[in-house]
2 protein chains.
Amino acid sequence: MSELLEAAAEAGRLDAADGLAALRERFVLDDVVYLDGNSLGALPAGVPARVEDVVRRQWGELRIRSWEESGWWTAPERIGDRIAPLVGAASGQIVVGDSTSVNVFKALVAAVRMADVGRDEILVDATTFPTDGYIAESAARMTGRSLRPVTPAEVPSALGDRTAAVLLNHVDYRTGRLHDLPALTAAVHAAGAYVVWDLCHSAGALPVGLDEHGVDLAVGCTYKYLNGGPGSPAYLYVRRDLQDRFDSPLPGWNSHAEPFGMRPAYAPASGAVRGRVGTPDILSLLALEAALEVWDGVSVEAVRAKSLALTDFFLRCVGEYVPDGLVESVTPAAHAERGSQVALRCDDAGDVMKRLVERGVVGDFRAPDVLRFGFTPLYVGFADVERAARVLAETLG
Amino acid sequence: MSELLEAAAEAGRLDAADGLAALRERFVLDDVVYLDGNSLGALPAGVPARVEDVVRRQWGELRIRSWEESGWWTAPERIGDRIAPLVGAASGQIVVGDSTSVNVFKALVAAVRMADVGRDEILVDATTFPTDGYIAESAARMTGRSLRPVTPAEVPSALGDRTAAVLLNHVDYRTGRLHDLPALTAAVHAAGAYVVWDLCHSAGALPVGLDEHGVDLAVGCTYKYLNGGPGSPAYLYVRRDLQDRFDSPLPGWNSHAEPFGMRPAYAPASGAVRGRVGTPDILSLLALEAALEVWDGVSVEAVRAKSLALTDFFLRCVGEYVPDGLVESVTPAAHAERGSQVALRCDDAGDVMKRLVERGVVGDFRAPDVLRFGFTPLYVGFADVERAARVLAETLG
């Protein structure tokens with residue numbers, strides 16, 4: 001019982017000292033401890049009014065005129081520029097639209113086409129969220145390359161003269177392991193290949209440093225730590241000096257140099273817009289744009305510091321509250337290897353998660369045996385963390 | 001002047017006899033004569049409240065639980081089934097998601113893969129909306145086929161043993177010409193090839209009869225005559241007996257037989273869901289679902305009859321009001337060859353359209369010299385048509 005009191009008091013002290021605590025007011029939240037922002041971010045408070053304006057005024061009153069007057073046409077690159085500082089990119093390199101899967105296809109095919117013709121192999125993270133693997137298989141098939149799944153740790157030794165491109169995850173969706181983006185990017189480049197990073201589980205939770213580390217291409221979703229809403233559009237980063245060589249497998253009219261010229265021959269636009277495809281999905285894009293306003297004045301470094309403090313504190317509370325042997329963390333203890341989630345292996349994990357949700361602690365279950373808890377520093381506090389660990393202990397006890 | 005009075009009186013009689021006139025109340029409209037529903041449909045009255053519920057309650061309160069509890073996960077196929085009767089398809093053959101361009105890629109690559117290996121040529125409508133041509137070029141390149149642009153009229157003679165697949169538009173985006181879907185489909189089949197129809201400019205304006213005419217694959221957008229909102233998701237039709245052979249170039253996790261099994265090896269789902277790719281864009285999908293409720297109790301045949309009456313009346317009023325030689329219709333006079341738009345060639349068309357818009361008649365301009373007027377039978381009346389022709393005559397006079 002003293003452990004409980006002690007941890008609760010510590011949570012109070014940590015919350016009082018939390019410089020990001022006030023950001024919680026930028027979201028619509030309730031009594032639930034929401035630790036599933038790594039799957040679907042909570043609703044930013046400014047989104048409903050913006051969406052209503054987009055629907056009622058921009059669509060309902062201005063109708064077709066909004067393509068110019070409401071800035072619809074340029075939304076993909078404008079919102080890309082809003083995401084850019086969150087992933088360490090200068091402007092003009094990110095475009096928003098399509099799903100993560102579709103963007104993986106664009107990026108990986110384009111990476112292969114940038115590589116020397118004789119390079120006949122694509123490496124893919126063997127532990128990846130499945131869609132990246134499926135899409136990589138299609139990209140390999142359609143570009144006449146072979147696909148070789150390897151763990152991120154095996155990448156350095158698997159690289160060679162045959163490697164055209166490598167598709168990696170910054171943070172493992174299941175374990176929460178953070179991979180070494182700078183070192184792996186450098187290793188891929190040393191082998192003369194191109195790297196595509198999937199940032200779904202890192203963007204918005206920790207610094208990425210795309211420009212700083214010379215990443216070639218990257219993709220990510222916007223509905224996790226970026227809080228864009230269910231299935232909100234994904235983004236594609238193409239490093240500036242590679243943009244002229246970005247040869248898209250999906251050259252839709254939106255990436256044409258003169259989209260309203262209605263020319264029968266394709267001529268790609270310059271810059272990030274070359275990653276666009278079809279008509280942009282305005283409703284979802286502009287909801288995302290409003291959602292991104294929660295980042296005004298927020299430092300990603302401060303977010304990272306709080307994220308590590310939250311996951312540290314959760315692991316400590318779990319260690320103190322949950323009897324030995326009932327759960328096992330599969331998330332690395334070292335900060336340099338940890339994203340913003342904690343994954344606990346436990347028996348009957350699916351059933352345990354159901355009971356946690358019933359008691360107001362929302363994480364998610366990943367087959368076959370993982371409880372996943374995501375910590376969004378913008379709206380999760382230390383008292384939430386302590387409560388989650390306590391309810392978990394009670395549920396398992 | 002007597003012509004004006006006569007046409008205005010005729011408009012009044014036609015509006016009074018219009019069995020679909022009351023449907024206009026299902027939309028948010030104003031004094032503008034909106035003849036651009038073939039580009040962006042007007043706002044259905046039920047959409048704002050639905051979107052607000054999706055944002056505030058489904059996302060804001062239920063959050064992650066909505067994937068099950070609010071039916072988010074099954075939205076792509078559920079909404080596909082709502083579109084199905086509008087294009088003459090039985091349920092279980094349409095899935096909604098991604099842009100038209102992306103769906104053209106899926107459909108055309110899948111069609112080529114269904115064809116015999118020795119068939120090395122893809123035919124594409126040379127007069128197509130450009131994106132289909134660009135995507136067809138990519139599909140040809142990535143499947144090792146050659147691409148041959150031909151006009152729809154040339155298709156029958158161009159078909160042969162080399163033809164793998166044919167990509168055609170049901171209605172030409174520029175001229176409004178309606179192509180003969182049953183005859184062209186039969187011709188493609190007689191040659192042993194597969195056909196992909198782009199329904200962007202026909203679905204919601206006229207009967208398509210996908211099942212009746214044995215169409216193989218079809219795609220279409222939902223933001224024109226289906227009023228789904230700016231950039232709302234497109235759809236993909238795969239005829240039931242071809243679904244097991246649908247081999248997607250974009251095999252994302254949403255099309256996996258067991259999407260939450262998180263399996264490293266891809267195994268395609270059965271049925272229309274095989275056309276899904278990544279996480280569905282819920283906000284836009286559910287706005288579209290609400291928008292489709294305007295079709296409750298509406299017969300597509302009645303819509304087609306009114307559409308032809310509207311375009312007939314517009315051509316008649318233009319003929320009576322506009323001095324000879326100032327405009328020339330490039331839309332076929334024959335009903336069997338006309339979609340639901342009228343395209344008028346005229347000098348300085350871009351400038352003329354600007355002045356029309358300023359005077360409350362909204363159509364659009366397509367380079368280099370076409371004024372495009374779309375007639376959405378659900379909310380355009382005969383008095384609107386008369387006024388549009390009158391303002392056009394005044395603008396040109």
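Start by selecting helix H2 (residues 47–62) and helix H9 (residues 282–291) of chain A in this predicted model. Their axes lie 9 Å apart, and the two helices pack at an angle of about 145°. Look along the pair and you will see H2(A) pass H9(A) in a right-handed crossing. Now show the side chains: from H2(A), pick Val47(A), Arg50(A), Val51(A) and Val54(A), and from H9(A), pick Leu283(A), Leu286(A), Ala287(A), Ala290(A) and Ala291(A). If you colour this contact by class, you should find 8 nonpolar residues, 1 charged residue and no polar ones.

Next, bring both chains into view. Chain A can be superposed on chain B by a rotation of 180°, with 0.0 Å of shift along the axis and an RMSD of 0.0 Å. The two copies are therefore related as by a two-fold rotation axis. To find that axis from chain A, select Met142(A): its C-alpha is the nearest to the axis in that chain, at 2.7 Å.

Stay with the two chains and select the residues where they touch. Chain A gives 63 residues to the contact and chain B gives 63 residues. On the side of chain A, the elements that supply two or more residues are H2, helix H5 (100–114), helix H6 (130–143), H9 and strand E12 (364–366). So H2 and H9, where the tour began, turn up here again. Coloured by class, this side of chain A shows 35 nonpolar, 18 polar and 10 charged residues. Which surface does each copy use? The copies meet through the same surface, because 100% of the interface residues of chain A are also interface residues in chain B.

Now for the interior. The largest nonpolar core has 258 residues. Those with the most contacts inside this core are Leu108, Ala165 and Val196, in chain A and in chain B. Centre the view on Leu108(B) and, setting aside residues up to four places away in sequence, look for what it touches: Ile122(B), Ile135(B), Ala136(B), Ala139(B), Ala165(B), Leu167(B) and Val196(B). As background, nonpolar side chains in soluble globular proteins tend to be buried together.

For a change of scene, go to Leu242(B), in the loop between strand E10 (235–238) and helix H9 (282–291) of chain B. Leu242(B) counts as partly exposed, because it has 15 C-beta neighbours inside 10 Å. Beyond its neighbours within four places in sequence, Leu242(B) is in contact with Met114(B) and Asp216(B). If you draw a distance from its C-alpha to that of Tyr379(B), 137 residues apart along the chain, you will get 37 Å.

Two proline stops come next. Select Ala367(A) and Pro368(A), which are joined by a cis peptide bond with omega of about 0°. Pro368(A) sits in the loop between E12 and strand E13 (370–374) of chain A. In chain B, the peptide bond from Ala367(B) to Pro368(B) is cis, with omega near 5°. There, Pro368(B) is in the loop between strand E14 (364–366) and strand E15 (370–374).

Finish with two aspartates. Asp348(A), in the loop between strand E10 (341–346) and helix H11 (349–358) of chain A, has a positive phi near 50°. Is Asp348(A) buried or exposed? It is exposed, with 12 other C-beta atoms within 10 Å. Asp98(B) has a positive phi of about 70° and lies in the loop between strand E4 (94–96) and helix H5 (100–114) of chain B. Asp98(B) counts as buried, with 32 C-beta neighbours inside 10 Å.

Conventions
Residues are numbered from 1 along each chain as its sequence is written. Chains are lettered from A and ligands numbered from 1 in the order in which they are written. This is a predicted model: local features need pLDDT of at least 70, side-chain atom pairs count only at pLDDT 80 or more; totals for chains, interfaces and linings use all residues. Copies are superposed by least squares on the C-alpha atoms of residues with pLDDT of at least 70 in both. Two residues are in contact if their C-beta atoms, placed from the backbone, lie within 7 Å. A nonpolar core is a set of buried Ala, Val, Leu, Ile, Met, Phe, Trp, Tyr and Cys residues joined through C-beta atoms within 7 Å. A residue is buried if 20 or more other C-beta atoms lie within 10 Å of its own, exposed if 12 or fewer, and partly exposed in between; C-beta atoms are placed from the backbone. Axes are lines fitted to C-alpha atoms, for helices over the stretch in contact, and angles run from 0 to 180 degrees between N-to-C directions. Helices (H or I, at least four residues) and strands (E, at least two) are DSSP runs, numbered from the N terminus. A crossing is left-handed if the near helix is turned anticlockwise from the far one by less than a right angle, and right-handed if clockwise. Ala, Val, Leu, Ile, Met, Phe, Trp, Tyr, Cys and Pro count as nonpolar, Asp, Glu, Lys and Arg as charged, and the others, Gly among them, as polar.
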